[in-house]
Every structure is written in structure tokens, then in C-alpha cells.
Amino acid sequence: ANLSNGGCSHNLPLTLPPPKRSQLVINHGRRRHEEMKSLPATVALLLAALGTAKAANLTHSPSPSPDPLTPTQDPLTPTQDPLTPTQDPLTPTTSRPTNNPTTGRPTTLRPTNRPTTGRPTTFCGGTGSCSINPDPHFNIWDPGFYYDFQGGCDMIAIDNPVLQVQIRTRPRRYYSTITQLAIKIKATGEVFRVHEDGRVENAIGNSGAGPASYSLANLSYGRSRHTISLGSTTPASYIRVFQSPWGMSMTAYGCAAYFAGSEGMCGSWDSNGLRHKDGTVMNVTGSYHDKKNRATALATSWMIDPDDSLLWDPSEVCDPSSRCGTGSDVAFPCDATRRLQDVLPTCTRTCADIGVPQFVEQCEVDVQLSGDPSWACTDAYVDPVIATDRVYVDPVVATNTLNVPPVGVPGGCYDAYVDGKSYKIGDWVSFTVITTSAPSYTRDPLTGGWITKTETTKEKRNYKCISNDWCGRSGYGPGSVGESLAWQKDIKCSGIAIPATAPTPPLWNSQGGCPKTYKAGTIHDAGDVVSVNNLVYQCASEPTNLFCGMTGYAPNKDQYWEVAWSVIGSCTGTLSPTSSPVYVTLQDLGGCPEEWEARTAGEAYEEGDQVSAEGLVFACKSFPFTMHCGQQGYEPLTNPATPDAWKMAWEVIGYCDGIRSPTSSPNFDPASFVGICPEEWSSGSIVKYEEGDMVSAVVSSTPLRKVAFRCKAWPFSGHCGQFSPTNKQGGSLGWSIVGSCGGSIGPTASPSFVKLAVSTSGCPNEYSASVTNYEAGDMVARTVSTVPLRRIVYKCRVYPNTGFCNQSGFHPGSQYDHMAWTLVGACSGTLTPTAAPAAYVGRCKFNKCMEVDDTEQCAPGSTGCSCKANDAAGPSCQRDIKRRSCNDVDVNPWSSSVDYDGGDVVRIGAKRFKCRMEWPNKLWCSAEAYMPTLEKSGIWHQAWTENGTCM
């Protein structure tokens with residue numbers, strides 16, 4: 001449509017799936033005709049911002065055919081061209097201005113340039129942010145959600161109709177970081193890319209035709225900030241890259257105009273959450289480890305095809321491990337690293353200073369992994385960027401209105417926000433926001449000066465809580481400075497809200513009935529299902545299932561419920577009861593053992609003891625759960641005060657019926673007759689009887705019948721002195737039947753040591769309660785007989801039992817010594833003192849590689865260079881670098897004053913030991929408790945490996 005003064009209106013119909021249609025109206029004047037040469041690219045970008053993918057075949061038609069959705073006249077000007085009024089508004093209607101105006105106005109009355117309308121050049125359409133910080137932590141478009149991928153891979157971070165962002169991550173022993181990044185503007189083909197080694201190549205903004213421009217800021221300590229600014233939106237849209245010696249981070253922030261339709265490792269802009277390249281949705285709930293494991297498949301799906309790669313030296317390797325180094329089992333070598341403490345010595349911040357809760361969590365993980373608290377001073381944490389306003393505007397309304405109106409669709413208002421009230425994630429409130437518009441300027445018709453005008457408006461909006469920690473705090477409510485940390489802005493509202501009904505998940509099983517209702521305090525096994533308000537939740541796998549019954553993890557209620565539970569479907573009614581359990585996988589154990597009874601320490605249940613309840617047979621679990629088997633509250637199935645607590649102590653092993661027939665007496669098979677009876681049993685301490693000792697017991701007085709019993713091996717031998725072989729409760733714990741016997745055997749002065757291994761090299765030192773530093777593998781002696789002298793050897797058990805070795809209640813010979821000590825055997829004499837290892841007199845070396853500070857000559861103006869761009873090049877232009885230096889160094893004995901790292905070698909005499917390369921084992925090499933010894937077993941193996949012998 002040709003308008004007055006040479007202006008025209010271009011109506012561009014957009015083909016969309018019926019029944020929806022939309023159109024784009026663009027007005028331009030004759031003075032801007034030359035600028036229309038770039039119209040196709042500009043229109044394509046704008047159409048992409050509005051979510052339309054079909055912007056390829058645009059033609060200019062001066063007389064478009066009528067469209068039922070297109071008004072017959074310019075919708076922005078009902079009666080005439082809005083840019084060409086019939087009369088200059090600054091000129092009075094009564095007279096034409098003269099060369100000498102009496103009003104004092106300027107001779108030129110009409111402004112030479114069109115006054116601004118306040119409308120942004122590019123329509124925004126809602127904001128979002130994605131940041132990828134070292135470790136790396138991927139904070140996706142969906143507010144509040146993040147995950148970690150700590151491996152190495154070339155991946156697409158963002159891909160949409162406007163641009164693409166590619167990244168490379170590589171491991172750095174205990175974490176990984178971005179080592180390369182590239183950005184491509186699709187309309188112009190312009191590319192920016194940056195490498196961790198300082199290389200930068202940029203073409204963005206060079207053509208002058210695209211929406212993007214590039215800027216660089218050189219910062220302290222060898223850091224640089226690269227910013228790709230995207231067009232002109234309110235708020236600003238950009239991609240910011242921080243380059244530093246310890247890795248790179250990336251933040252994308254801005255409007256739907258440039259990020260709508262984005263998919264990739266940053267998540268899905270339009271659909272929220274995360275999706276694989278084939279559209280498969282990734283579950284973003286669960287624990288840190290759950291999401292980290294799922295991220296491997298996500299990264300693989302978004303791997304960059306080498307033919308499409310914008311990175312230097314494209315790679316097809318995608319490995320989830322954060323390990324690096326050499327060897328066939330390691331995918332990537334270790335890149336040069338530098339601890340932040342070495343390059344940011346002035347850092348005084350802590351993670352708590354960041355202010356954004358999810359960034360605080362990520363910072364704390366970084367500090368924990370690296371042991372370096374100065375991670376809080378990384379650029380991504382010093383200037384955190386996160387968007388929570390993901391509200392969208394109807395693009396048809398927006399493009400047909402000079403001033404974009406407040407977003408609004410029909411909907412009622414939730415209850416008004418109350419400052420200080422307790423809110424949780426998912427709660428809705430409404431709040432009236434008072435805003436003052438940006439100033440607008442008009443000419444004063446009398447003076448010719450400019451008149452400034454602002455407008456104050458009130459609008460009521462709904463808000464959704466996104467943080468359990470912040471929503472209820474004063475100063476973080478809607479409309480406050482801290483709003484973005486706690487609330488997500490939603491639609492403009494009026495009236496009373498009708499609560500939204502979320503889509504109902506499909507039934508969780510074919511029956512559809514609801515399982516038992518969730519009850520706080522219940523102990524849950526992995527995979528247990530419960531119901532809450534007709535939704536079914538499944539408890540996480542071990543060991544996370546331990547959280548399922550704890551306070552703070554109630555399904556869909558408490559702050560951390562997603563750590564322990566996941567929604568698996570919906571349900572209605574209740575599950576149909578079965579007349580009796582179906583024991584498909586349980587063994588028929590015949591008659592039922594005795595029912596459970598509370599027991600004291602002296603009669604405690606032991607591992608493997610069996611009880612019955614409601615037709616099921618239960619076995620007592622192994623240590624340390626054994627200690628609960630006889631305690632009140634752990635009775636199988638029948639204690640309502642502590643439901644399911646029994647699962648910590650007992651496990652179901654089968655089912656039974658009736659009772660087990662008692663054995664009136666042992667079966668005296670003549671073939672099992674052992675001859676003369678040993679001495680009869682008498683009570684004593686747990687070391688009175690040793691493995692293999694034999695006793696007899698009377699099982700029938702008329703006629704007289706005796707049975708011989710043999711003491712079992714340790715640790716069951718400890719019960720031989722506590723329980724008679726015929727004791728109903730504990731006899732079978734320590735004794736086994738050998739056969740019938742008759743007559744008597746002369747008493748032995750003390751237990752037989754025949755079954756114990758005898759050390760001929762002598763006895764270690766006697767146990768002493770005054771020693772408080774026994775460690776795993778330490779051996780002590782205990783005298784059990786003075787005439788004749790007999791001593792036995794105990795060995796301190798490995799972690800976690802090691803700690804008991806230094807507690808008096810667990811000393812050798814005590815009731816609970818088996819929890820701390822292992823019986824090794826008998827000994828005699830004393831150990832010959834071991835001479836100190838012979839001093840090594842040779843030259844023992846190993847190749848030690850480390851990063852050292854150095855400088856190199858650089859081009860003036862390049863990253864980190866001491867010379868500015870206009871300085872003369874020469875040797876004085878230097879920059880700091882890190883280089884890898886490898887030298888042969890002496891292999892010395894282990895020392896507590898040395899900070900050992902993976903690959904370091906020490907020796908004992910001529911025997912060499914190498915610090916393990918893997919994390920976290922290498923962190924223990926400097927701990928005295930893990931110092932290598934000549935013992936074949938010991939905790940030191942967790943930190944060190946044998947490394948041959950010095951020649």
C-alpha cells in the first residue's frame with residue numbers, strides 16, 4: 001500500500017498451520033528506501049524471533065490480495081499515514097510561519113529526524129538465561145534447574161534459527177572446563193571463536209549487515225571478557241565469555257527475539273527442561289549424581305559433527321570421565337591447570353557472598369573438589385546472571401502496537417502476597433506492581449523546547465514461587481530488588497483465579513489403584529512406591545533411599561523431595577487386596593521358628609538368627625545392623641510406633657507353616673560315636689574355649705546319654721564360653737555336634753591351641769589401654785595362661801572398625817573385641833626387633849612433571865600482553881604463561897612436610913611407592929595415616945602402589 005509522502009506499507013503473510021495465521025506489518029518512508037536493501041535478512045531474523053521458521057520465500061508485493069485477518073487499512077493509522085500528518089503539529093492552523101516568526105520558534109519547525117516512540121528496535125518477547133561455569137555447571141533456560149557434565153566432549157550448547165554456540169569441554173583431573181567456544185550468526189555466516197590458550201578469531205560485526213557486534217575487555221590476572229551483543233532489545237541481549245588461566249565460562253542472556261527455539265546443552269527455550277537432539281526428554285529431577293549420569297547421554301546426542309564444527313581441531317571423542325592423563329583407559333591428556341589461589345591472591349570472597357542460591361551450591365562443590373576457596377572469585381560468580389522472567393508476548397499484538405502493552409491473557413488473581421509469610425516452591429500469589437514509564441519527549445508549541453512526560457501505571461500480576469529459601473523472606477517479594485531470586489513473574493490478572501489443574505500423568509500400573517499413603521518417618525527401600533493426592537511416587541535407588549522417610553523430603557511438599565522421590569504416574573482408589581501373599585520368589589522353610597522377642601546384650605540375636613511373624617521367616621542382618629535385631633521398635637511387621645524400622649535389622653528369607661518340631665535329643669548314630677567323652681562344659685569368658693575345643697553335655701539322664709560338641713571357628717568361638725551347647729537360645733551359635741560319647745577324658749589345664757597358627761618369630765607387644773593410636777594391621781598379644789605361658793595374637797581390623805581398637809570397651813578378650821580385633825594365632829617368645837631399613841646409598845630418581853610460571857614474547861594488544869596495541873613490538877612485550885616442566889628428581893623417604901600429588905614417588909630403603917593418580921585417592925598421599933609401609937596389607941594401599949626397587 002503506497003502512502004503519502006512516499007511512504008508505503010508492506011504486508012507479509014506468514015504461512016502457519018491452520019487455523020492460526022499472523023502477519024507482519026512494516027512501515028518505511030522514502031528516506032529509508034536504501035536501507036530496505038537488507039530487508040530480507042532483517043525480516044528473517046525478526047520472523048525467527050517470533051517463532052516462525054518459514055521466512056525463506058518473502059516477496060514484495062505493492063498490492064497484496066485481501067486477507068480476512070488483515071484490516072483494509074493500516075492498523076496503526078485508521079485514517080492516514082501516521083508518519084505524515086496533514087499538518088505539522090507544531091504549526092498553528094491560523095497562519096503559516098514566516099521567516100521572522102513572532103513566537104520565537106526556530107525557523108525549521110519539523111524535526112529533521114523522526115522522534116523516538118520508546119519502542120525497542122527489536123521486540124523482546126520474554127527473557128531467559130543460560131550459563132556454563134567451570135566444573136562445569138550447566139544452568140539451563142528453565143529457571144532454577146541445573147546439571148553437571150564433567151567429561152570431555154565437543155557439543156552444541158545453543159542452536160536456534162538466529163545463531164549457534166559450540167563448546168568443547170576437557171577434564172582437569174577432578175573437574176572439567178570449557179577449553180574452546182565458537183558462535184555463528186546464521187544470517188551473515190559471521191563466526192567468533194576463542195581458545196583457552198589465548199587465541200581469538202572474530203568476524204562478527206565486520207559485515208555491518210547482521211544484528212550482532214563484538215567487544216573485548218582485558219581484565220587483571222590474564223583474564224578477558226568477550227561480549228557478543230545481539231541487536232537492540234530491552235533488556236539487552238548478549239553472549240558473554242570469560243577467558244582465564246583456569247578455564248572459560250559462558251553466559252547467554254536476553255530476549256526471545258534471539259533465543260526463541262533454542263535447543264542444546266542449555267536446554268529447550270520453548271519447551272523448558274532438557275531434550276536430546278532427537279527430541280527425547282531428559283529427566284531433570286533427582287540427585288546431583290542422578291542428573292550427572294543422565295547428562296552423558298545428553299552430551300553424546302548433542303555432539304558436533306566434525307564436518308559442521310567451528311572449533312579448532314574437531315574431535316569425535318566424547319568421554320564422561322573427569323580423569324585425564326596417560327594410559328589406554330584415559331581419553332584425554334591433562335590440560336595445563338592453575339589454582340585460583342596462585343592467580344587471585346587478593347580474593348577474600350566466599351561462596352555465601354554470591355547471592356544466587358543455585359550458584360552458591362555450585363561454588364561450594366567447586367571448593368570441595370579443589371580445596372581452593374577462591375573459586376568464589378571467578379567471574380561467573382562475581383557477576384552472576386540468571387533470568388527468571390520467561391513470560392511471552394503475543395507477537396501479533398506486539399508488532400501492531402507502537403508501545404508494547406503489558407503482557408496479559410484472561411485469568412484471575414491468586415491470593416495477595418504477604419511479606420514474611422511462609423511459601424514453598426510452586427505456590428502462587430498476586431501482587432500489584434507500580435511502574436513509571438520511560439520519559440517521552442514532545443515539542444512545546446509555544447517555546448519550541450522539549451517537554452518531558454512520564455506515566456505511572458498499576459498492574460496486578462500473578463507470581464510463582466521458585467525458591468523455598470527466599471520466597472517468604474522480607475525483601476525478596478514480588479516487586480522488590482530480590483524478586484528474581486524467589487519469584488517468577490507470570491500473567492497480568494484480574495478477578496479471582498481458578499486454580500490451574502496440571503495434566504494428570506497416566507496410571508502407574510494396569511490396576512490403577514493407589515499404593516499406601518506416604519507417612520513421614522517410615523524407612524523405605526529403594527523402589528518403594530507411595531501415593532499422595534492421587535499421584536504415585538517411587539523412592540530413589542540406594543543409598544539415596546535413606547532420605548525417603550526423612551523430614552524435608554516429603555513427596556511434592558518439602559524442599560528437597562525431588563532428591564529422594566520421582567513421580568511415576570497417577571492412581572485412583574486403592575489397590576485390590578489379595579487374600580494372601582503370593583510367595584513366588586520366597587523359599588518354603590517348613591515349620592516356623594520362634595517368634596521375635598526383645599533381648600538384652602547378653603542374649604542378643606546374632607547374624608543369621610531366624611524368627612517368624614505372620615507366616616514369614618526373618619533372618620537377622622550382618623553387623624552393624626545386628627545390634628538392632630533384639631531392640632524394641634525393630635520387631636518384624638508388628639510395631640506400629642516405628643513402622644518399617646524392622647527393615648534395618650531383619651530381612652525376609654522365606655515363608656513357613658506350623659512350628660518346627662523340637663528335637664528331643666540328638667540322633668545317636670553308632671557311626672558318629674566318638675569314644676570317651678571330653679570334660680563337661682562350664683561357663684567362662686569368650687576366650688575360655690578356642691576353635692576345635694571339645695566338651696560334652698548330658699542330654700538324657702535315664703538312660704544316661706552324653707554328646708560331644710566342638711567349638712566353632714572365630715568369631716563364633718567367642719560364644720563357646722557364654723552358652724552351653726544345649727542352651728536353647730545360644731548353644732548353636734558356638735558349638736556344633738560331633739557325636740555321642742561315653743566315659744570321660746581327663747581335663748586339660750587350658751584350651752588347646754592346636755587349631756591356631758603358631759608364630760615362631762615371637763610375640764608382639766602386649767595390648768595396652770594407654771596406647772591410643774592403634775591403626776589397621778597393628779598386632780598385639782594377650783596372655784591367656786601363665787602356667788604354662790600361652791599368648792595369642794590379635795590384629796586391628798581395617799576401617800571403619802579401626803576406630804574401636806583404641807577404645808577400652810573393645811580390648812582383646814572383651815565381649816566386643818571381635819568388632820575391633822581379628823584373632824590371628826598363638827605365639828611364643830618375643831619378636832626380634834626389626835632393624836631400620838638399610839640406608840640407601842645409590843641414586844634413585846623419578847621423572848616429575850609440574851607447571852611452572854614463565855613468560856613469552858607477545859604481539860602488542862594481544863590477550864595478556866604487557867604492550868598495548870599501539871606500542872612497538874619487541875622483546876619488552878611479554879605475557880605470563882604456564883608451561884609444563886619435567887625433571888628427574890630424587891626418590892626420598894615419605895615426609896609429612898611434603899605435599900604429595902598423583903605420580904610422586906617415595907621409598908622405604910630401596911623399595912619404591914607411587915602416589916595413585918586417581919581422585920580422591922591421591923589426596924590421601926600426604927596424610928600420615930596413609931604413609932606406605934612394608935606391610936603387605938594395610939590402609940596405605942588406598943593411596944600408594946608399589947613401584948619397584950631402586951637400582
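**Exercise 1.** Which residues form the negative surface patch?

Solution. Start with the charges: Asp and Glu count as negative. Next, the patch rule: each member has over 30% relative accessible area and no salt bridge, and like charges are joined within 9 Å. A salt bridge is a side-chain nitrogen of Lys or Arg within 4 Å of a carboxyl oxygen of Asp or Glu. A charge is placed at CG of Asp or CD of Glu. Areas come from the Shrake-Rupley method with a 1.4 Å probe. The result is Asp305, Asp307, Asp308 and Glu316. Asp308 sits in the loop between helix H3 (288–301) and helix H4 (340–343). Helices are DSSP runs (H or I) of at least four residues, and strands (E) of at least two.

This is a predicted model, where local features need pLDDT of at least 70 and side-chain atom pairs count only at pLDDT 80 or more. Residues are numbered from 1 along each chain, and side-chain values use heavy atoms.

**Exercise 2.** Is Leu311 buried or exposed?

Solution. Locate Leu311 first: the loop between H3 and H4. Then apply the cut-offs: buried is under 20% relative accessible area, exposed over 50%. Leu311 has 5% relative accessibility, so Leu311 is buried. Now check contacts (heavy atoms within 4.5 Å). Beyond four places in sequence, Leu311 touches residues including Asp154, Ile167, Leu181 and Ile304. Asp154 is 157 residues away in sequence, yet the C-alpha atoms are 8.5 Å apart.

**Exercise 3.** Why does His276 count as buried?

Solution. His276 lies in the loop between strand E15 (274–275) and strand E16 (281–282). His276 counts as buried because its relative accessibility is 17%. Its contacts beyond four places in sequence are Met282, Ala297, Leu298, Ser301 and Trp302.

Methods
Patch = residues over 30% accessible without salt bridge, like charges linked within 9 Å, V, L, I, M, F, W, Y side chains within 5 Å. Buried < 20%, exposed > 50% of the residue type's maximum accessible area, 1.4 Å probe, protein only.
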